[in-house]
Every structure is written in C-alpha cells, then in structure tokens.
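I opened this notebook page to record what I looked up in the structure, entry by entry. The sequence and the coordinates come before the notes.

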Amino acid sequence: MKITITGRQVEVTQDFRNHIEKKLAKFDKYFRDDATAKVKVGKKPNLETVELTVVSQGTIFRSEQAEDTAMNALDLCIYSIERQIRKNKTRLEKRLRKDVFVKGSDAYVPSPDPTDESDDENTVVREKTFRLKPMSTDEAIMQMNLLGHSFFVYVNDADGQVNVVYRRNDGRYGNIMPEQ
C-alpha cells in the first residue's frame with residue numbers, strides 16, 4: 001500500500017510517520033498492493049485531527065477523527081475503516097483480496113477546509129471534481145456510507161444516466177434520476 005502523510009498546520013514527526021505506517025500495515029490483509037492511503041494530520045482548538053482515506057480499485061474508505069492526541073485519533077480512524085470493511089464485507093469481497101474473510105485467513109472527498117469562510121452564503125467556497133463510474137444503486141449507497149456522506153453522485157449502470165442517491169431524514173435512502 002502506498003502511503004502519503006501530510007500535516008496541516010502541524011509538523012508530522014518521523015516517529016509518528018513510522019507509527020502510521022505500522023498501523024496501516026494492518027490493512028495489507030484486506031487490500032491489494034495497488035491500494036493508496038492518504039493521511040492528513042491537523043489541529044483544531046484543543047484537539048488533534050486525523051483524516052484517513054484509503055482507495056482500492058475505485059472504492060474509497062474514509063474516516064476523520066478528532067481527539068486529544070493524534071495517536072488516539074489515528075487509532076479511531078483505523079477502527080472506523082476496519083468496521084466499514086467488516087460491515088460491507090459481502091458487497092466488498094469481489095473488490096478486496098480473495099479469501100480475506102475466510103475463517104483462519106491472515107489475510108479513506110476531502111472534508112471542507114475550515115479556513116475557507118465566506119460572508120456570502122451563496123458563494124461557492126470549494127469545487128471538487130471526480131470520475132464517475134457506472135455502478136448499481138446498491139453499490140452507490142455502499143460507497144456513500146463508506147465515505148460518510150449524505151449523498152453520492154454516480155452513473156447508473158442500468159441506463160447510463162447520472163443519478164444521485166441520498167440519505168433521507170427517516171434513515172432510508174432516496175434516488176434522484178433524470179426524467180426520461
């Protein structure tokens with residue numbers, strides 16, 4: 001797994017870099033060698049934040065945690081992503097390493113920048129681009145949940161149209177599709 005570590009308003013020490021690499025080695029049993037991990041370490045008032053994003057074969061796992069120490073935040077991020085993998089294991093089995101969930105086997109959309117503040121509420125403060133790939137509605141819901149977002153834009157593999165799946169206030173899901 002290729003690991004990129006960056007610090008926002010904080011210097012990441014070599015000891016902490018080594019700790020991150022050691023902790024992320026735990027994910028080698030789930031992902032193939034082409035997986036990438038991005039770790040962003042930052043500070044908020046009285047808290048240290050860690051944002052962990054793991055990308056493997058187009059599937060994105062993301063977690064962001066704020067704790068009193070960056071080590072604690074990293075541990076929570078690792079736990080959160082591992083929980084996401086286990087929760088969605090049946091859907092993810094074809095994308096993760098083969099036999100990763102076999103008994104006895106050995107085998108993370110950046111958040112908005114808090115410094116970007118605008119007085120005008122109708123001003124776009126951030127733009128984001130990403131590649132749309134064809135997928136089913138169930139797969140889009142899983143991807144949205146893995147990212148921790150409330151909506152997800154995707155190309156529906158059934159009709160090739162751009163759709164938006166979203167989480168409703170009642171906890172169920174909705175799908176917005178263009179009129180034919």
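**Entry 1: the salt bridges around one aspartate.** I began with aspartate 170, which is partly exposed because its relative accessible area is 44%, a value that falls between the cut-offs of 20% and 50%. I note at the outset that this is a predicted model, and that what I write down here is computed from it. Aspartate 170 has a salt bridge to arginine 168, with the side chains meeting at 3.6 Å from N to O. Arginine 168 has a relative accessibility of 36% and therefore counts as partly exposed. Aspartate 170 also forms a salt bridge with arginine 172, and here the closest N and O atoms are 3.1 Å apart. Arginine 172, at 55% relative accessibility, counts as exposed. I then found that Glu51, Arg62 and Glu64 are joined into one network by salt bridges that share partners.

**Entry 2: another salt bridge, and the count.** I looked next at lysine 43 and glutamate 48, whose side chains meet in a salt bridge at 3.8 Å, N to O. Lysine 43 is partly exposed because its relative accessibility is 45%, and glutamate 48 is likewise partly exposed, at 21%, which I checked against the 20% under which a residue would be called buried. How many salt bridges does the count come to? I get seven by this rule.

**Entry 3: the order of the elements.** I went back to the overall layout and found four helices and eight strands in the chain. Read from the N terminus on, the elements run β-α-β-β-β-α-α-β-α-β-β-β. Of the 180 residues in the chain, 33% are buried. The accessible surface comes to about 11500 Å², and 47% of it belongs to carbon and sulfur atoms.

**Entry 4: the largest nonpolar core.** Which residues touch the most other members of the largest nonpolar core? I found that this core has 25 residues, and that Leu24, Phe27, Phe31, Val39 and Leu52 are the ones with the most contacts to other members. At least two residues of this core come from each of α1, β2, β3, α2 (70–87) and α4 (137–147). The greatest contribution is that of α2, which gives seven residues. I followed phenylalanine 27 further and, leaving aside residues up to four places away in sequence, found that it touches Met1, Leu52, Ile78, Ile81, Glu82 and Ile85. There is also a second, separate core of eight residues, among them Met135, Ala140, Ile141 and Leu147.

**Entry 5: helix α2.** I checked the length of α2 and found that its 18 residues should span 26 Å at 1.5 Å a residue, which agrees with the 25 Å between its end C-alpha atoms. The buried residues I listed in α2 are Ala70, Ala73, Leu74, Cys77, Ile78, Ser80, Ile81, Glu82, Gln84 and Ile85. As a reminder to myself, an α-helix has 3.6 residues a turn, so residues three or four places apart point the same way.

**Entry 6: a methionine in α4.** I picked out methionine 142, which is found in helix α4. Buried or exposed, where does methionine 142 stand? Methionine 142 counts as buried because its relative accessibility is 2%. I also noted its distance to phenylalanine 152, which is 10 residues away in sequence, and found the two C-alpha atoms 9.7 Å apart in space.

**Entry 7: positive phi angles.** I looked for residues with a positive phi that are not glycines, and noted glutamine 9, with a phi of about 60°. Glutamine 9 sits in the loop between β1 (2–8) and α1 (14–24), and it counts as exposed because its relative accessibility is 65%. I also noted asparagine 46, again not a glycine, with a positive phi of about 65°. Asparagine 46 is in the loop between β2 (36–44) and β3 (47–56), and at 78% relative accessibility it counts as exposed.

**Entry 8: a nonpolar patch on the surface.** My last look was at the surface, where Phe130, Leu132 and Val162 make a nonpolar patch of about 260 Å². I placed phenylalanine 130 in the loop between α3 (89–92) and β5 (134–135).

Conventions: Residues numbered from 1 in each chain as written. Predicted model: local features only at pLDDT ≥ 70, side-chain atom pairs only at ≥ 80, totals over all residues. Heavy atoms only, no water. Buried < 20%, exposed > 50% of the residue type's maximum accessible area, 1.4 Å probe, protein only. Core = buried A, V, L, I, M, F, W, Y, C linked by side-chain atoms within 4.5 Å. Contact = heavy atoms within 4.5 Å. Salt bridge = Lys/Arg side-chain N within 4 Å of Asp/Glu carboxyl O. Patch = residues over 30% accessible without salt bridge, like charges linked within 9 Å, V, L, I, M, F, W, Y side chains within 5 Å. Areas by Shrake-Rupley, 256 points an atom, 1.4 Å probe, with all protein chains shown as cover. Expected span 1.5 Å × (residues − 1).
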